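Please walk through this model with me, moving from a single helix position to the parallel strands around it, then to a separate sheet and an enclosed space.

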Amino acid sequence: MNKPITFTMHLLLGFIFYSNFSLAQEVKLSIKVIAPFKTAEGDSLVIIGDQPVWGNWMYPRSKKMEKLNDSTWVQQLSLPKNTKVNFKVTRGSYYREALYNQSGQIPAATSLTLLKDTAITLRPTSWNDIYQRSITGTVRYYHNFSSPLLKYTRNVVVWLPPSYFKQPAKKYPVLYAHDGQNIFDHTNGAGEEWHMDEVADSLMKKGKTDEFIIVGIANTKDRWVEYSGTPEGMNYIKFIATELKPFIDKNFRTLKDKANTAAIGSSMGGLISFYMVWYYPEIFSKAACLSSGFYFDDGHILEKAVKNSSRLNGSKLYLDCGGQDLDKDFLPANEQMNKILSENNAIKLKYQYFPNDKHNEQAWSKRLSIPLVFLFGKTGSFLN
């Protein structure tokens, strides 16, 4: 008679223990955001991040914060203990991220490991749509893009040409751009950018280039080694060729062949753009290399080009360099590369020297139309 009761009691005690154990593994995260000024009517504060409640970095699926008053918003959730969370605060879209400094630099995601119940208060100083100009055209953001080949995640932004939504059957060439956080908006903390969105949009609307998609790849703490002929650099370009490009081709209407796939970058970004064509000529046939860091290359690409420039047969390459600032040091190596490639008539090459240009985004923006027309120009196109 006692055995069934004892067994039942054991089951009940086990259930209670398991339930308490399960509950003990949950911790609470409380987030309070105090906005810098009254939130405009119709606006909502929305957190995007790496948890389902935050849309797994996809804004349309994220949950709005609770509004306490015009400037204070809160959100509370329970997550398993030891969960590492990453999130950003927005005013309802990627275009309206919270800023926490006076430079206008887009901050990294807030990162926490939840060891216990945690309360955090965030005080944005502004929003990037107020601090900065808006991007010309339509973009899609992919935050914290990861790869087993790379040490750090990075943000990727995709800029779509003017006719993308007007001509749903049309496919487009693609330009992969390094230092992606500097090409559309001045998020590098220095207030400088390439203005690539405005330059490309203007060239396309004037009929000087075909329309093309731009994929901006933000740099990381490993920029120096990822943008050179190092093992890290080889993994970086392998990531673009074998992971990022298939992702872009799957999610956007692209022309996938090498004739319609190009790279662009400046300084060390120019160097790694060259490497993309060198090591993946079956994927990338075109590159624009501005003020390239051949001078600092750990992979000795100049020596490789001397021995085997035929690897680049059929490619289209733009090289340039300024004459001031760091460009003055970079100039000899760029001229040497130009001389090497000029001896191979199977390469379509354009080289330009800008004696008064410094090594910065302002200079690259000023001459950006030249390489874009070289890479994507229509027959008979010209520059005013």
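Gly270 is found in helix 6, where helices (H or I, at least four residues) and strands (E, at least two) are DSSP runs, numbered from the N terminus. Gly270 is buried, with a relative accessible area of 0%; buried means under 20% relative accessible area, exposed over 50%, and partly exposed in between, with a 1.4 Å probe and protein chains only. Its C-alpha atom is separated by 8.5 Å from that of Leu319, a residue 49 positions apart from Gly270 along the chain. The model is a predicted one, in which local features need pLDDT of at least 70 and side-chain atom pairs count only at pLDDT 80 or more, while totals for chains, interfaces and linings use all residues. Residues are numbered from 1 along each chain as its sequence is written, and side-chain values use heavy atoms, with hydrogens and water left out.

Helix 6 (residues 268-279) belongs to a right-handed β-α-β unit together with strand 14 and strand 15; a crossover is right-handed if, with the strands pointing away from the viewer, the path from the first strand over the helix to the second runs clockwise. Strand 14 (residues 261-266) pairs with strand 15 in the parallel sense over 5 bridges, two strands being counted as paired if DSSP finds at least two bridges between them. Within this pairing, Ile264 stands opposite Ala288 in strand 15.

How many residues of strand 15 (residues 286-290) are buried? The count is 5 of the 5, so strand 15 is largely enclosed by the rest of the structure. In a regular strand the side chains alternate between the two faces of the sheet. In strand 15, Lys286, Ala288 and Leu290 point one way, whereas Ala287 and Cys289 point the other way, and all are buried.

The chain then repeats the crossover arrangement. Strand 15, helix 7 (residues 301-308) and strand 16 (residues 316-322) make a right-handed β-α-β unit, and the two strands pair in the parallel sense over 5 bridges, with Leu317 in strand 16 as the bridge partner of Ala287. Strand 16 in turn joins helix 8 (residues 326-342) and strand 17 in another unit that is right-handed. Here 7 bridges connect strand 16 to strand 17 (residues 348-354), and these strands run parallel; Tyr318 stands opposite Lys350 in strand 17.

Strand 14 also has a partner in strand 12, and these two pair in the parallel sense over 4 bridges. The bridge partner of Ala177 in that pairing is Ile264 of strand 14, the residue that stands opposite Ala288 in strand 15. Strand 12 is largely enclosed by the rest of the structure, because 5 of its 5 residues are buried. Val174, Tyr176 and His178 point one way from strand 12, while Leu175 and Ala177 point the other way. A further 5 bridges join strand 12 to strand 13 (residues 213-217), again running parallel, and Leu175 has Ile214 in strand 13 as its bridge partner.

Ahead of strand 12, the loop between strand 11 (154-160) and strand 12 (174-178) holds Ala169. At 72% relative accessibility, Ala169 counts as exposed, and its C-alpha atom is separated by 8.1 Å from that of Arg253, the two residues being 84 positions apart along the chain.

A helix offers a further example of burial. In helix 10 (residues 369-376), 8 of the 8 residues are buried, so this helix is largely enclosed by the rest of the structure; among them are Ile370, Leu372, Phe374 and Phe376.

Attention now turns to antiparallel pairing. 3 strands form an open sheet in the order 2-5-7, with antiparallel pairing. Strand 2 (46-49) and strand 7 (110-113) stand at the edges, each with a single partner strand, so one side of each is left without a neighbour in the sheet. Strand 5 and strand 7 are joined by 4 bridges, and Asn86 has Ser111 in strand 7 as its bridge partner.

Strand 5 (residues 84-90) also gives the most to the lining of the largest cavity, with 3 residues. The residues that line this cavity include Phe87, Lys88, Val89, Tyr100 and Thr110.

How values were computed:
On a 1 Å grid over the protein atoms alone, a cavity is a set of points where a 1.4 Å probe fits but cannot get out, and a pocket is an open set with protein on both sides within 12 Å along at least five of seven lines; lining residues have an atom within 4 Å of a point.
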